[in-house]
Amino acid sequence: MSLLQIEGLHMAIHGQPILRDVSLSLARGEVLGIIGESGSGKSMTAFSVMRLLPRGAGCLGAVRLDGRDLLQLPERQMNNIRGRMVGMIFQEPMTALNPLKTIGDQVAETVRLHEGLSRRAAWDRARAALARAELPEESFPLTRYPHELSGGQRQRVVIAMAIACRPALLIADEPTTALDVTTQAEILNLLRRLVQEEGCGLMLISHDLAVVASMADRIAIMRAGEVVEQGPTAEILRQMQHPYSRALRAASAHAPERGAVATGETLLNCDGVVRDYALPRGLLAAPQHFRAVDGVSFTIKRGESLGLVGESGCGKSTLTRAILGLEPLQAGRIEISGQPINANGHVDPAIRKHMQVVFQDPYGSFNPRHRVERLICEPFHLWDDPPVGAARDKAIADALEAVGLSVADRHKFPHEFSGGQRQRIAIARALITRPDLIILDEAVSALDVSVRAQVLGLLADLQGRLGLTYLFISHDLSVVRSITDRVLVMKAGKIVEEGETRAVFDAPAHPYTAQLIKAAPRLPEGVGG
Amino acid sequence: MKGLWLGAILVSVFVGAALLSLVWVPYDIIQMNMAQRLQGPSWPHPLGTDHYGRDMLSMIMLGARTSIAVALVAVGIGMGLGVPLGLTAAARRGGWIDEIVMRGNDLIFAFPSLLIAILITAIFGASAVNAIIAIGIFNIPVFARLVRGGALSLWTRDYILAARVAGKGRARISIEHILPNLTNLLIVQGTIQFSLGILAEAGLSYVGLGAQPPVPSWGRMLADTQTMYSIALHLALVPGLSILLTVLGLNLMGDGLRDLLDPRVRRAAR
């Protein structure tokens, strides 16, 4: 008999249907991968199992755990199921932990709550659970606080909390989305090992087909609250019968068509760039510095697309801000078209005019109170004689059409658009002054795969038509591989490897690059058609 | 939602009374009428009369005018000076301007407000104008801190970075991008400060530091009739309840507006 059996689950919030006829099953020792884009209902399915639904939600159907229908249980009994029978792992380990409690206390709390153990016994169990989550006490005492750990270590604490009572079912909702690739590989290995050793069932929810393909025994693909396709992983990957599944896979492996590289003169030149941050100093201690960018030198040629890859904290964001003239430099110089970017004070608008930027978060990139036309015209501030009247209307229309939006959208507010459309508006804003260089700072990282494929296609198309130069900053290797000519790999403030994208990916010279490429989840070669 | 409506009704009753008093009051309150003194509520005098035989309803209407005018101007002073200071401090975070503004705020916060009001009136004399200045000064740090805090979190947004990349200066960004996104915060805090201003005005008048006779004021109505409560209870009840209901109304309105305007609270309230 299967461990978890979801039968014909319907769920609606305030009468609006969210899940429709979802039927899934999961056996002990098995990994069920649930894939879907944002809003497909994959998280809501997990929350329905835990009965942690928002107010106004109503369920029909059955959710059987070991034969017991969870939907029929009173809340008090449900509290016993949560944490004891079903453990949950969340996406963002920082917010899933209480910053004021030690990691030992947090893990012990779950045990004490469910098994009524003494404090000492609970701590012993917490110690064991943390060890199972690969945080041995010798290196990570139980008295540590969450802020003393890295992102991956925090996620291990969250996992330890989930497995402390040895639950029969683990639900992991995007457990590695907030983590770097190498950390992601470690956490996925840990989860795989836990399933094998403890024989629990794992429901793994992710937007990333490659992650799920490498982990799951069976896969369910969800769209708009429905399971469109499910079955054993190998079979699903081979067949992909439903058109949506095919589209999803095509988008995951998408590489936009790119024209020939026009390498002109040097556009951007960074030479020995150093950026130090002062650390808080003790009373009598000498001033301390943290070197975020450490002697970085590189050039970008006009018309080129350069990738900058690195994990969080490697200094790539600081470097971006320095190029944009928003950070003072301690040493070195940055030149665009031969003119130095003066980072120590005001940057001349005439120099700023050469570059624009697109940020990661499509929701935070716009002043929510301004209309699209005002938003995308902001860079005109750099011009001495910004266009007015008909000329301005034409500039707005051109920019919106270039990114595939309609001219009528100019009167709308940003909240009226989806994430992908907002990213198009951000690109329109970057384009409107016709800069030479566009810096794309994780510009597609927050987007669903199908939307990401569209935006990447748009970027490639614009580059071909307008002769743009891109600096493409990302932690996502597959994205960098698909859209850049050359790539820089950054680690701890230094560039460790530089070269043609294809050459670097095929034969990495630096061990760190090799490690990054190895850790990145990949779709199995040659599946489907 | 109910709170917001109840608050709005209470506030509009008193604001309406104050506005009406600009053109009409039932009786002239300069005239004493000893024959009619200390009467309870009746048809000719719905709220009774005081120890000089003056109509209490007329006194309350004129007192509402004083209270609302004092509190409104005081909040205006607080916002007018506090908001630019807060914006400047946030734009120059960690710089010397920030230090001066915030330490200045601490200095004002450290003094008991009544003490400063007594100081001001001791130097310049007791009057409604000086009460306004005293209350206004204490509103400055409230708004400066609120705006600085809100602005600091906005300064980290990507759209601020985008504006900086577009070459816009700190002052321009503060006015164009920061301030409009703080209006909700300011409306809510303004309502709360307004109610505190009414309380402060009543308190200052009670100790004789607010509006001077013959300008009526709720605080002084309470003080003047202090010895007569045992023989005519309405003398205390009428101005006391006026203060209470106005402040209650403004607070309900402030909370209601916060629920309505702040998306984080709005979600939780449902």
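In which sense, parallel or antiparallel, do β17(A) and strand β18 of chain A pair, and over how many bridges? I take that up in point 2, after a look at the strand itself; please keep in mind throughout that this is a predicted model.

1. Let's start with strand β17 of chain A, residues 437-441. Of its 5 residues, 5 are buried, so the strand is largely enclosed by the rest of the structure. The cover extends to both faces: A:Leu437, A:Ile439 and A:Asp441 are buried on one side, and A:Ile438 and A:Leu440 are buried on the other. You may like to note that an aspartate, A:Asp441, is among these buried residues.

2. Now the pairing. β17(A) and strand β18 (residues 469-474) of chain A run in the parallel sense, with 5 bridges between them. Strand β16 (residues 355-358) of chain A is also joined to β17(A), in parallel fashion, through 4 bridges. A:Ile439 is a handy residue to click on here: A:Val357 stands opposite it, and its bridge partner in β18(A) is A:Leu471.

3. Elsewhere in chain A there is an open sheet of 4 strands, with antiparallel pairing and the order β2-β1-β4-β5. The edges are taken by β2 (16-26) and β5 (68-69); each has a single partner strand, so one side of each is left without a neighbour in the sheet. Between β1 (residues 4-13) and β4 (residues 57-65), which run antiparallel, there are 8 bridges. As one example of the register, A:Ala12 has A:Gly58 of β4(A) as its bridge partner.

4. A loop residue in chain A is worth a moment too. A:Thr176 sits in the loop between β7 (169-173) and α7 (181-198). Is A:Thr176 buried or exposed? Its relative accessible area is 5%, under the 20% cut-off, so A:Thr176 counts as buried. Setting aside residues up to four places away in sequence, A:Thr176 touches A:Gln184, A:Ile187 and A:Leu188.

5. Turning to the interface, chain B and chain A bury about 1,800 Å² between them, and 55% of that is on carbon and sulfur atoms. Three residues, B:Asp158, B:Tyr159 and B:Val165, supply 31% of the area that chain B buries against chain A, more than any other three residues. The contact draws 24 residues from chain A and 19 residues from chain B.

6. On the polar side of that interface, the count is 2 salt bridges and 8 residue pairs in polar contact, both residues being at pLDDT 80 or more. One of the salt bridges links B:Lys168 with A:Glu378, with 3.0 Å between the closest N and O atoms. The elements giving two or more residues to chain B's side are α6 (158-165), α7 (170-178) and α8 (183-206) of chain B. Of these, α6(B) gives the most, with 7 residues. By class, chain B's side has 7 nonpolar, 5 polar and 7 charged residues.

7. Finally, a glycine in chain B. B:Gly219 belongs to helix α9 (residues 218-224) and is buried, at 0% relative accessibility. Which residues does B:Gly219 contact, leaving aside its neighbours within four places in sequence? They are B:Ala202, B:Ser205 and B:Tyr206. For a sense of the chain's path, B:Gly219 and B:Leu10 are 209 residues apart in sequence and 19 Å apart in space, C-alpha to C-alpha.

Conventions: Residues are numbered from 1 along each chain as its sequence is written. Chains are lettered from A and ligands numbered from 1 in the order in which they are written. This is a predicted model: local features need pLDDT of at least 70, side-chain atom pairs count only at pLDDT 80 or more; totals for chains, interfaces and linings use all residues. Side-chain values use heavy atoms; hydrogens and water are left out. Contact means heavy atoms within 4.5 Å. Buried area is the accessible area (1.4 Å probe) that two parts lose on being put together, summed over both. A salt bridge is a side-chain nitrogen of Lys or Arg within 4 Å of a carboxyl oxygen of Asp or Glu. A polar contact is a pair of N or O atoms within 3.5 Å; within protein, one must be able to donate a hydrogen and the other to accept it, and residues adjacent in sequence count only if both atoms are side-chain atoms. Ala, Val, Leu, Ile, Met, Phe, Trp, Tyr, Cys and Pro count as nonpolar, Asp, Glu, Lys and Arg as charged, and the others, Gly among them, as polar. Buried means under 20% relative accessible area, exposed over 50%, partly exposed in between (1.4 Å probe, protein chains only). Two strands pair if DSSP finds at least two bridges between them.
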